[in-house]
Amino acid sequence: MSSELFTLTYGALVTQLCKDYENDEDVNKQLDKMGYNIGVRLIEDFLARSNVGRCHDFRETADVIAKVAFKMYLGITPSITNWSPAGDEFSLILENNPLVDFVELPDNHSSLIYSNLLCGVLRGALEMVQMAVEARFVQDTLKGDGVTEIRMRFIRRIEDNLPAGEE
Amino acid sequence: MVHTSLDVVDEKISAMGKALVDQRELYLGLLYPTEDYKVYPSHQLCRYGYVTNSKVKFVMVVDSSNTALRDNEIRSMFRKLHNSYTDVMCNPFYNPGDRIHSRAFDSMVTSMMIQVC
């Protein structure tokens, strides 16, 4: 499948949200919610296709996310850096992000986190495998940074097996 | 000045039919970018037109007292413009018909103009 259609579809989604919500913070929250709803479903497809077993620690999780998941769904392999001393936080560095091909953020949307859907997807998918994490963008090529960096933080293991809520 | 050249472009399109055309016309007695038109017979401005198959028109105004730009240079400049234009169109925040504010487009145009000066 050509990536242009995917990129343009995502772009249309974001601009429509911008028109609907009028302020960037709300759009960011919506993107995160939508990503979460995608993530809780995507994880099943991922586990079925990739056949990876249970990860023993967060480092394994990081590897699987970067080398298997991102490759499978976006065709890119981010690198993993900046591990915290406690081993509960790391960064995913994306040299290029297919979601943002051709995109230039206009000045009136400077606090928009354009690819925030990805953070929601990561959060939702990991929640379904009993990990509560936080994902956030700390660098963004759309804002002038050289690379795009997503910071992943492990919060806790989810012990109670309540069905994942829809947000 | 650009509007009169657009009229000429339209004439030529209807004369030539559908195809990617690259046209050129010379115009003596320039129009200055200010309100009052001054006539300088010594200056020559060449205006080049380019029409895409989606009927988008590009007009390039060149002061030919600078250097004689070769035809294929003009063609490649138009091609670069066309490519950058399609990139601008793909920006989801750009509405077709708006003025182009894209930084990438501006920097491409600036570097192209610096190259020929």
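This tour proceeds from the whole chain to one pair of helices in a predicted model.

**The whole chain**

Begin by displaying chain A in full. Its C-alpha trace extends about 45 × 35 × 35 Å along the principal axes. The radius of gyration of chain A is 16 Å, which agrees with the value near 15 Å that a compact globule of 167 residues would have. If the viewer can colour by accessibility, apply that next: 46% of the 167 residues of chain A count as buried.

**The order of elements**

Change to a ribbon display and follow chain A from its N terminus. The chain contains 4 helices and 4 strands, and these elements run in the order α-α-α-β-β-α-β-β. Sequence separation may be considered here as well: of the contacts in chain A between residues at least 6 apart in sequence, 59% join residues at least 24 apart.

**Helix 3 and helix 4**

Now select residues 58-74 of chain A, which form helix 3, together with residues 116-127 of chain A, which form helix 4. Two packed helices are described by the angle and the distance between their axes. In this pair, the axes come within 13 Å and cross at roughly 120 degrees. Helix 3 of chain A is therefore oblique to helix 4 of chain A. Their crossing is right-handed.

**The contact between them**

Finally, show side chains for the residues that make this contact. On helix 3 of chain A, select Thr61(A), Ile65(A), Phe70(A) and Leu74(A). On helix 4 of chain A, select Leu118(A), Leu122(A) and Leu126(A). How do the residues of this contact divide into nonpolar, polar and charged? There are 6 nonpolar residues, 1 polar residue and no charged residue.

Terms used:
Residues are numbered from 1 along each chain as its sequence is written. Chains are lettered from A and ligands numbered from 1 in the order in which they are written. This is a predicted model: local features need pLDDT of at least 70, side-chain atom pairs count only at pLDDT 80 or more; totals for chains, interfaces and linings use all residues. Side-chain values use heavy atoms; hydrogens and water are left out. Axes are lines fitted to C-alpha atoms, for helices over the stretch in contact, and angles run from 0 to 180 degrees between N-to-C directions. Helices (H or I, at least four residues) and strands (E, at least two) are DSSP runs, numbered from the N terminus. Angles under 35 degrees count as roughly parallel, over 145 as roughly antiparallel, 65 to 115 as roughly perpendicular and the rest as oblique. A crossing is left-handed if the near helix is turned anticlockwise from the far one by less than a right angle, and right-handed if clockwise. Contact means heavy atoms within 4.5 Å. Ala, Val, Leu, Ile, Met, Phe, Trp, Tyr, Cys and Pro count as nonpolar, Asp, Glu, Lys and Arg as charged, and the others, Gly among them, as polar. The radius of gyration is taken over C-alpha atoms; the globule rule is 2.2 Å times the number of residues to the power 0.38. Buried means under 20% relative accessible area, exposed over 50%, partly exposed in between (1.4 Å probe, protein chains only).
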